[in-house]
Amino acid sequence: MEEDHRLVARAQGGDTEAFAQLYDRHVDAIYRYVMLRVPTREQAEDITEDVFLRAWQNLSKFRPERPILHWLYRIAHNRVVDEHRRKAQQNTSLDAMNEAGQQIASPQPDPLHTAISHEEIGHLRSALATMSDDEQALLTLRFIENLSFKDIAAILGKSEGACRVLQHRALKKLAQKLRPQELQAQELRPTPEYSI
Amino acid sequence: MKEQALFDTCWQAFAAGESLEVILERHPDQRQALEPMLHAAGQLQAVRTVAAPSAFRQSARARLLEQVNAVEQETSVPHAQRLAIWWHDLWASVARPLAAPAWAGAALALLFVLLFVTTTTYAAQAALPDDTLYPIKLASEQVWHQFAADSVDFDMTLAERRLQEALSLQTQNRHEAVPDALIRYQQSLGEWSERVEMAGLQDQGRAEQRLLVQLKTLQEMGEHAPAGQLEMLQEQQRTTERLMHRFAPTPDSDPATQHRPARTPDPVREQQTGGQGKPGKETQTPTGGQGTPPQQATPVSPTKKPTRTTVATETSEAGRQTPPGSGNQETPGPNQPSGHTTTPNAEPQQTPRSTTTPGSNSSRHTPTTQVETPTPEPSSTPEISPTAGPDSTRTPGGGGQGGGGQPTSTPGNGGQPGGGGSQPTSTPGSGGKN
């Protein structure tokens, strides 16, 4: 966090290399955040790149007292919402989304955990696509990025209590959507660094 | 809500490394609801292993830098902000390891608050009614009251402060505020009176002197008051006099009174009697001075006291204490017969008593040399012990004893509560901080 702050300060001073380091540090998180919420990889890459470009353009407005990653999440959320408004997701078929899901990510093998398959990613994306933007964002930030309710509330502009309720509702919804795909439940082991 | 809390608990266990099956076996009743949710959450969590494709990362980085270099920042960072950022970095890298604990900032803030409060309270002590800081002054007095060792003395001090405020208002020609100030003075004096009665205090010799000073102040105010306030001032004078007589100790308790030299005309007394103007049954000196037949004096003659206990405002003999041997401080109550006698142990001597010395009022008062001369009137009280000389002409029953043997300490600073919280012992001394 401290290093992030230094990089931000340097980038705010015009240091492009510092900004590039920020990009290297957080591009994966933003990419993950975006990729489950848009139908194609190309859109995910475009949005991810656009998020960082917007961040650079508005870096002088960033207030250092909050984490830069949260600010990037906020930009990404707004960008995805804009994308949803511009394109009709209902026209995207489930198969197309699954296919896109197979192309969208290249999961890095984790020696300790079962790598998620492209098919599973596709299923997740399909299920999330039927949910609201806030529900998508909350599930992504909560269970993928492991943010606390406090941080999520700050990013989404909601109260912690509202986020808790929204999480519960969204997760139940997601569970119902994924149930047909969970005929063979795998025993998933959590990542050791998960923190609630 | 219950299900939500249960899910959170199960999820924490899952995140801690427990297997899903073990967790669900602990909650067989909720298994049907929990299992799909935990599975879904687990799947989401697995996405954490996903990273942006390498090709994309590199290409996007390059494009980003191109655009960043090509596009001007919409708002440039001002030089001052850059300097601030540079300083912040310097502090973060060098000073933070040596920085004070987190509470240092809070302590510093608290210190500033205390300084502000102290300064404001001190400045408020000069405030007069209707001034902006006057409520702060009153509030500080309440706080001070909590720590006052002698509540009776404190109440008297408050009354003196109120009277000084009224005097200051009059001096500043803020006549419209004087009546309210006098009412506050009256209330303060009333509170003092109640507290004295409740405490059953007997010896109020020092209070008598302070009341005398207040009476003088009221008299002077009467000389400069507009016509519409005269009656109020006169009424207040009468009230103050009544209190003065009511709480004055008996003269017999003060051996010094028995050593009074022969009566001599007291120019101060003359002036007082002349200045009072309106003789009443409680006014001083109905006789105006000498020659009053003793028999005519009332047993409890308030008229005696003022003449006897001339309050020296500026006296060359200030500081003289009562003569030694005045250890017998027994002071019968004001209404007690004067049978009590104290054998004087010294020759008659003048025992000037330096009492309270009003500060700003001193200019108004005629400087007087205190002379504890027995007045002619006291001599008219033969019921006092014949062993005492004619000087012991204190009227029985608590005549004009000017404070039985107690030297009045008179700091004269008015005892401002301001920041120190020291116990005031006097007066209105500096009340006229205008």
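**Exercise 1. The fold of chain A**

Among contacts in chain A between residues at least 6 apart in sequence, what percentage join residues at least 24 apart?

*Solution.* The structure is a predicted model, in which local features need pLDDT of at least 70, side-chain atom pairs count only at pLDDT 80 or more, and totals for chains, interfaces and linings use all residues. Residues are numbered from 1 along each chain as its sequence is written, chains are lettered from A, and side-chain values use heavy atoms, with hydrogens and water left out.

Step 1. A contact means heavy atoms within 4.5 Å. Of the contacts in chain A between residues at least 6 apart in sequence, 67% join residues at least 24 apart.

Step 2. Helices (H or I, at least four residues) and strands (E, at least two) are DSSP runs, numbered from the N terminus. Chain A has 9 helices and 1 strand, and along the sequence these follow the pattern α-α-α-α-α-β-α-α-α-α.

Step 3. Buried means under 20% relative accessible area, exposed over 50%, and partly exposed in between (1.4 Å probe, protein chains only). Chain A has 196 residues, of which 54% count as buried.

**Exercise 2. Confidence in chain A**

State the mean pLDDT of chain A and identify a stretch where the pLDDT is below 50.

*Solution.* Step 1. pLDDT is the predictor's confidence in each residue, from 0 to 100. For chain A the mean is 80, and 76% of the residues reach 70 or more.

Step 2. In residues 108–114 of chain A the pLDDT is below 50. Beyond near neighbours in sequence, this stretch has 8 contacts in the model. Where pLDDT is low, the predicted coordinates should not be read in detail.

**Exercise 3. Helix α4 of chain A**

Compare the span of helix α4 of chain A with its expected value, and state how many of its residues are buried.

*Solution.* Step 1. The expected span is 1.5 Å times one less than the number of residues. Helix α4 (residues 68–86) has 19 residues and reaches 27 Å from its first C-alpha to its last, close to the 27 Å expected.

Step 2. α4(A) is mostly covered, with 14 of its 19 residues buried.

**Exercise 4. Two acidic residues in helices**

Locate Asp133(A) and Glu3(B), and name their contacts beyond neighbours within four places in sequence.

*Solution.* Step 1. Asp133(A) belongs to helix α7 (residues 133–144) of chain A. Because its relative accessible area is 22%, Asp133(A) is partly exposed. Leaving aside neighbours within four places in sequence, Asp133(A) contacts Arg37(A), His77(A), Val81(A) and His84(A). Its C-alpha lies 9.5 Å from that of Asn78(A), 55 residues apart along the chain.

Step 2. Glu3(B) belongs to helix α1 (residues 2–16) of chain B. Glu3(B) is partly exposed, because its relative accessible area is 28%. With neighbours within four places set aside, Glu3(B) contacts His168(A), Lys172(A), Ala33(B) and Met37(B). The C-alpha atoms of Glu3(B) and Gln30(B), 27 residues apart along the chain, are separated by 8.2 Å.

**Exercise 5. Positive phi in chain B**

Where is Asp130(B) found, and where is Asn173(B) placed?

*Solution.* Step 1. Asp130(B) is in the loop between α6 (103–124) and α7 (134–147) of chain B. Its phi is near 80°, a positive value in a residue other than glycine. Asp130(B) counts as exposed because its relative accessibility is 63%.

Step 2. Asn173(B) is in the loop between α8 (151–171) and α9 (178–199) of chain B. Its phi, near 60°, is also positive in a residue other than glycine. With a relative accessible area of 56%, Asn173(B) is therefore exposed.
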